[in-house]
Every structure is written in C-alpha cells, then in structure tokens.
Amino acid sequence: MSEARADPFDKLRAGYRSATLRKLERTLTDYAQRNRDVWDAWAAEYAEWAPRAWAGNEPSWGEFSIPDRELGALPESVEGMDAIELGCGTAYFSAWLAKLGAHPVGIDNSPNQLETARRMQAKFEVEFPLHLGNAEELPFPDASFDLAISEYGASIWCDPNKWIPEAARVLRPGGQLVFLVNGLIKMLCTGEDDTVATPVDECLRRPYFEMHRFEWPDDDSVEFHLGYGDWIRLLRANDFEIVELIELRPPVDSTRVAQQVPLDWARQWPCEEIWKVRKRD
Ligand SMILES: C[S@@+](CC[C@H](N)C(=O)[O-])C[C@H]1O[C@@H](n2cnc3c(N)ncnc32)[C@H](O)[C@@H]1O
C-alpha cells in the first residue's frame, strides 16, 4: 500500500496487535512460544508458496495435494457451514472453504503467517476473520462451528490433550473435525537425531508406547504425535465418534518429492493420515 493510501487504522491495529502479543507471550506455554518463534521465522518461505495455494479452488490435502473429492475427508457440501481452521498458517485451506460457500475463521499463533494470510485475502479478494491466538485456548463460545479442520496446524503443533477438548467445545453437536497429521509409521521410522534432510527410514527407530512430544536437533520446534490407541481414547473421551482414518498415498503418476519421504517409501506406507471424526449429537 502506498503512503498516500495508508490505512488510517493501521497504527491502531498495530497497537492492538502488540497488546495482544504481549498478553499471549505472558500466557504461552514453552512449546507454543518456541513454535511461534520458528513459524515467524519460516513464514517468509511459506509466503512464496501461498499465492499458488490461494489461486486454487479445490480443497486438497497434504504433501501430495490429493484432492478432497478423491478422499472424501470433508463433508459432501460445506455451503453455509461455520468453519474454523486451527493453525491456519497462510489460510489457503480456509480460502478454499470460503470459495465453496462456507464461513471460515482462521486462527494461528504466528503473527507473520497471519500477515501473509491477510495479504493473500487482499490479493484474491476473499475475506474472512483471522485471529492471532493459540488453538489450545480458543477465543470462541461453545458450539460456534459446524466444521473444524487442521492441515498440519494444531493437529501436530499443539498438545492433543489440550486442542482436542477445545475443538470439541467449539463444535456444535453433529459437527465434524477433520485433521491431517504425519503418518504414525513415518514418525516411528524417524530417529531423535534426524534433521529435516534425513530421509525417513524403513525400520522402527523409536518406541511406540508413550508417544507424545517430539523435538528435533536442527530447529527449536516442538511437535506432538500420538499412537492410534491414544488418539482413539482421547477422541472418544471428548465425545467424538470416529468416522474414518484416511491413509494418504501418492497418486500413481506422482513425481513429487515430499519433505523427508522418498516416493518409494510413501507408496508402501502411509506418510500422512486424516482423522475424520464427528461430535456426538
Ligand atoms: C504447516 S502450517 C499449517 C497451515 C497450512 N495448512 C500449511 O500446511 O501450510 C502450521 C501452522 O500452525 C501454526 N501453529 C503452531 N502452533 C500453534 C498454536 N498453538 N495455535 C495455533 N496455531 C499454531 C503455525 O504458526 C503455522 O502457521
């Protein structure tokens, strides 16, 4: 925006944002603070990819961009649904939902990722509310949404023991939660000393039992991954019934190189999984 067209509310918003940031900083857990710092640093790289994702009209999932019409993870129609994206990043998924007639709201813990999302909203003229906040403590009343989604957002960067109860709280009875995570076998085939450049192994390299918090030697981020039994227990304890666990597979003609995952590996084992669950009526 040129000087001449400067938005008179910019300063006010900046003041509000820094007040919000200060409040968040006081209340953030160690890992939420660390994840905010790393995502603020990674945001520039994600900003480069954001316009391509925003230009699309069709929801797709994961590293191989598999269209939802082939997976059926989302409800058949999202038209008119109140939806929330938990850890929306540059918010392209919410933009796809908006183009299909849903009313999305995005929440993310990284001011820099949200800056990109706001720029994309202006560029593509698709507007919806974006909130700076922690998906483990959602600033929304109970039963506000029909659909909650997360594509590598809260689904891996938040503690499931905190974000799943929050997702359950803000969903209406019968509402759906759909979230993408790294495949469990993939996580077990990575080692504690692996960096982002280490290809995933073909043997188990860490214990399955008590999987929870994951940290990496080459950056300061913290992820969370659970075993299947723990996911099922947690989801059911929060009033979700499990509709489907969709194991993603690269399309036969795919040549895409996914981070850490050789194509040949991904053809044999699921490197990504989508949990599709429904809040009981
Ligand atoms: C990989 S992006 C997900 C967005 C998009 N689907 C994508 O794949 O690029 C992960 C996002 O999760 C956000 N995130 C991490 N911890 C969070 C938290 N506690 N609450 C909300 N968002 C969080 C990060 O800031 C980041 O923008």
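**Entry 1: the cavity lining**

I looked up which residues line the largest cavity in this predicted model. The lining has 15 residues. Val 181, Asn 182, His 225, Leu 226 and Trp 231 lie nearest the centre of the cavity. I then noted which elements give two or more residues to this lining: helix 6 (154–157), strand 7 (171–182), helix 8 (184–188), helix 9 (228–237) and strand 11 (272–279). Sorted by class, the lining residues are 10 nonpolar, 4 polar and 1 charged.

How many cavities of 30 Å³ or more does a search of the whole structure find? I found 1. For the largest cavity I wrote down a volume of about 70 Å³.

**Entry 2: the ligand**

Next I turned to the ligand. I counted 18 residues around it. Asp 108, Gln 113, Asn 134, Ala 135 and Glu 151 are the closest. By class, this shell has 8 nonpolar, 8 polar and 2 charged residues.

I looked up three contacts with N or O atoms of the ligand. In Asp 108, a side-chain N or O atom is 2.6 Å from an oxygen atom of the ligand. In Tyr 92, a polar side-chain atom lies 3.0 Å from a ligand oxygen atom. Asn 109 uses its backbone: an N or O atom there lies 3.3 Å from a nitrogen atom of the ligand.

How much of the ligand's area does the protein bury? The ligand taken alone exposes 580 Å², and I noted that the protein buries 96% of that.

**Entry 3: two positive phi values**

I checked two residues for backbone angles. Tyr 152 has a phi near 60 degrees, which is a positive value in a residue other than glycine. I placed Tyr 152 in the loop between strand 6 (145–151) and helix 6.

Glu 210 is also not glycine, and its phi is positive, near 65 degrees. I found Glu 210 in the loop between helix 8 and strand 8 (213–215). Is Glu 210 buried or exposed? Its relative accessibility is 74%, so Glu 210 counts as exposed, the cut-off for exposed being over 50%.

**Entry 4: Glu 223**

I located Glu 223 in strand 9, which covers residues 222–224. Glu 223 counts as buried because its relative accessibility is 10%, and buried means under 20%.

I also looked up how far Glu 223 is from Ala 266. The two are 43 residues apart in sequence. In space, their C-alpha atoms are 21 Å apart.

Notes: Residues are numbered from 1 along each chain as its sequence is written. This is a predicted model: local features need pLDDT of at least 70, side-chain atom pairs count only at pLDDT 80 or more; totals for chains, interfaces and linings use all residues. Side-chain values use heavy atoms; hydrogens and water are left out. On a 1 Å grid over the protein atoms alone, a cavity is a set of points where a 1.4 Å probe fits but cannot get out, and a pocket is an open set with protein on both sides within 12 Å along at least five of seven lines; lining residues have an atom within 4 Å of a point. Grid points are joined across faces, edges and corners, and a volume is the space filled by probe spheres set on the points. Helices (H or I, at least four residues) and strands (E, at least two) are DSSP runs, numbered from the N terminus. Ala, Val, Leu, Ile, Met, Phe, Trp, Tyr, Cys and Pro count as nonpolar, Asp, Glu, Lys and Arg as charged, and the others, Gly among them, as polar. A residue is near a molecule or strand if one of its heavy atoms lies within 4 Å of it. A polar contact is a pair of N or O atoms within 3.5 Å; within protein, one must be able to donate a hydrogen and the other to accept it, and residues adjacent in sequence count only if both atoms are side-chain atoms. Accessible areas come from the Shrake-Rupley method with a 1.4 Å probe; for residues, only the protein chains shown count as cover. Buried means under 20% relative accessible area, exposed over 50%, partly exposed in between (1.4 Å probe, protein chains only).
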